[in-house]
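Trainee: Could you take me slowly through one part of this model, the first strands with the helices that join them, and then the ligand and the aromatic rings?

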Amino acid sequence: MPQKIAVFPGSFDPITRGHESIIRRAIPLFDKLYVAIGVNAEKRGFFDVEQRMNWIRQVFDNESSIVVTSYEGLTVDFCKQNNVRYILRGLRTSADFEFERSIGQVNKKLYPEIETVFLLTAPGYTFLNSSIVRDILRHGGDASMFVPEQIDLKNISIK
Ligand code: ADP
């Protein structure tokens, strides 16, 4: 049997408990799971990519099948280069579905061997996204309940 290799692509700016939950639930499904930050040269993130990757590595320190990385360009090109056959995405709402449907269908056209696999968000995390966390931090609030417990937001520097 060929290895089942998946990628969970996203901005993870920063990783939230919603992302963490999807990743933990996907671990038993795949032999190897890349958590990959898509880098867009024109769009600088809130946290730099190294910081975002370090946090994800901290959270999944004990999980040998998780590989944290970043990539530029098309997700399907990352998949071709790394033998990835599954793209993992989380679905929160019907708006997510509409957005994901077109991306998933385009990816399938670009790379017919790829399958996009969706996990439904755990109900307690449906409201959560990285931009809410960024807003809380920007205004000096406490966002610790929304990010994985390994992440210490106390000494972060904010742009
Ligand atoms: P993108 O820039 O691609 O939207 P994100 O980092 O926001 O990247 O999200 C990456 C993936 O994580 C997407 O599939 C998204 O649906 C999923 N996701 C984001 N927030 C949550 C959440 N609260 N619960 C489950 N999945 C989530």
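Mentor: What follows is one connected walk through that part. Please keep in mind throughout that this is a predicted model.

Let us begin with strand β1 (residues 5–10), which pairs with strand β2 (residues 32–39) in the parallel sense over 6 bridges; within this pairing, Gly10 of the one strand stands opposite Ile37 of the other. Helix α1 (residues 17–26) belongs with these two strands, and together β1, α1 and β2 make a right-handed β-α-β unit. At the start of α1, a side-chain oxygen of Thr16 reaches to within 3.1 Å of the backbone nitrogen of Gly18. Of the 10 residues of α1, 7 are buried, so the helix is largely enclosed by the rest of the structure; the buried residues include Gly18 as well as Ile22, Ile23 and Ala26, and also the polar His19, Glu20 and Ser21.

On β2 the arrangement continues, for β2 also pairs with strand β3 (residues 66–72), again in the parallel sense, over 7 bridges, and here Gly38 has Tyr71 in β3 as its bridge partner. A right-handed β-α-β unit is made by β2, helix α2 (residues 49–59) and β3.

Turning to the ligand, 15 residues surround it, and the closest are Ser11, Phe12, Gly90, Tyr125 and Leu128. A polar side-chain atom of Ser11 lies 2.6 Å from an oxygen atom of the ligand, while a nitrogen atom of the ligand has a polar side-chain atom of Arg92 at 3.1 Å, and a backbone N or O atom of Leu128 lies 2.8 Å from a nitrogen atom of the ligand. Taken alone, the ligand exposes 550 Å², of which the protein buries 85%.

Lastly come the aromatic rings, for which a search of the whole structure finds 7 pairs. In one of these, the rings of Phe30 and Tyr86 have their centres 5.6 Å apart and their planes at 40 degrees, so the pair is tilted. This pair links distant parts of the chain, with Phe30 in the loop between α1 and β2 and Tyr86 in strand β4 (residues 86–91), 56 residues apart. Phe30 counts as buried at 9% relative accessibility, whereas Tyr86, with a relative accessible area of 23%, is partly exposed. Another tilted pair is formed by Tyr71 and Phe78, at 5.1 Å centre to centre and with 40 degrees between the planes; both of these residues are buried, and with Tyr34 they form one aromatic cluster. Tyr71 therefore brings us back to the strands, as the bridge partner of Gly38.

Definitions and conventions
Residues are numbered from 1 along each chain as its sequence is written. This is a predicted model: local features need pLDDT of at least 70, side-chain atom pairs count only at pLDDT 80 or more; totals for chains, interfaces and linings use all residues. Side-chain values use heavy atoms; hydrogens and water are left out. Two strands pair if DSSP finds at least two bridges between them. Helices (H or I, at least four residues) and strands (E, at least two) are DSSP runs, numbered from the N terminus. A crossover is right-handed if, with the strands pointing away from the viewer, the path from the first strand over the helix to the second runs clockwise. Buried means under 20% relative accessible area, exposed over 50%, partly exposed in between (1.4 Å probe, protein chains only). A polar contact is a pair of N or O atoms within 3.5 Å; within protein, one must be able to donate a hydrogen and the other to accept it, and residues adjacent in sequence count only if both atoms are side-chain atoms. A residue is near a molecule or strand if one of its heavy atoms lies within 4 Å of it. Accessible areas come from the Shrake-Rupley method with a 1.4 Å probe; for residues, only the protein chains shown count as cover. Rings of Phe, Tyr and Trp (its six-membered ring) pair if their centres lie within 6.5 Å; planes under 30 degrees apart count as stacked, over 60 as edge-to-face and the rest as tilted.
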